[in-house]
Amino acid sequence: MDKAMALTDGVGYDYVYETAGNTITMRMAFELAANKAHVCFIGTPKKELTFSVKEWENLNRKEFYLTGSWMSYSAPFPGHEWTDVAHYFATGQLKYDPRMIWKIVPLSQLGEAFSWYKERGKVKGKILVDSEK
C-alpha cells in the first residue's frame, strides 16, 4: 500500500479496479481511491465485507463512485460457458441486442478505451474487448 500510494504522492488513484473478490483487496481498493474516484469491482466476492467505523468514515469522506461489472467464468478457465457462448455467437444461434454494448474495441486499443473514463459522461455503457482483432 505504501509503494502504491507513493506513486500518487499520497493522493490516491482516480480509477481503481478490483478483480480478486477478496476482502483484503476490496478494502485496499477503497484505500487506494482518491477523492471522487471511480472504484469498480469486477467479478464475484468470495466472502462478506464489513467495515469498521473508521473505514466507513473514510469511504464517506472520499465520496467516490462505486460500480460493479458482471463477469462469467468457471474452472478450469476458460470454462464451457465461454466456449459455448463463442460457438453460439459465431454460428448465429445466439443473438444479443446491440444496445447492450456501447462500444466494441480491439484488444490493441484497450488503453484508449480506459482513457475514455477520464471524460465525465463519455462512456455510455458496456465496452466489449475483442481479443481476436
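Contact here means heavy atoms within 4.5 Å, and the views below show close-ups of a predicted model.

**View A. Surroundings of F30 in the predicted model.** Leaving out residues up to four places away in sequence, F30 touches V39, F41, L49, F51, N58, L59, K62, F64 and L66. F30 is also one of the residues that touch the most other members of the largest nonpolar core, a group that further includes V16, A33, V39, F41 and F64.

**View B. The largest nonpolar core, which has 13 residues.** The elements that contribute two or more residues to this core are α2 (23-32) and β2, and β2, with five residues, gives the most.

**View C. The largest pocket, with a volume of about 2,100 Å³.** Its lining is made up of 47 residues, of which S69, K126, I127, L128 and V129 are the closest to the centre of the pocket. At least two lining residues come from each of β1 (13-18), β2 (33-42), β3 (65-69), α4 (80-91), β4 (101-106), α5 (110-115) and β5 (126-130), and the largest share, six residues, is supplied by β2. By residue class, the lining of this pocket divides into 28 nonpolar, eight polar and 11 charged residues.

**View D. Two residues with positive phi, K36 and E63.** Although K36 is not a glycine, its phi is positive, at about 65°, and the residue is placed in strand β2. K36 counts as partly exposed because its relative accessibility, 47%, falls between the limits of 20% for buried and 50% for exposed. E63, likewise not a glycine, has a positive phi of about 50° and is found in the loop between α3 (53-62) and β3. With a relative accessible area of 45%, E63 is partly exposed.

**View E. W116 in the loop between α5 and β5.** The relative accessibility of W116 is 11%, and this residue therefore counts as buried, the cut-off being under 20%. When neighbours within four places in sequence are left aside, W116 is in contact with W102, K103, V105, K122, V123 and I127. Of these partners, I127 is also listed among the residues closest to the centre of the largest pocket.

Note on methods: Residues numbered from 1 in each chain as written. Predicted model: local features only at pLDDT ≥ 70, side-chain atom pairs only at ≥ 80, totals over all residues. Heavy atoms only, no water. 1 Å grid on protein atoms, 1.4 Å probe; cavity = no way out; pocket = protein on both sides within 12 Å on 5 of 7 lines; lining within 4 Å. Points joined across faces, edges and corners; volume = space filled by probe spheres on them. Helix = DSSP H or I, 4+ residues; strand = E, 2+ residues; numbered from the N terminus. Nonpolar A, V, L, I, M, F, W, Y, C, P; charged D, E, K, R; others polar. Core = buried A, V, L, I, M, F, W, Y, C linked by side-chain atoms within 4.5 Å. Buried < 20%, exposed > 50% of the residue type's maximum accessible area, 1.4 Å probe, protein only.
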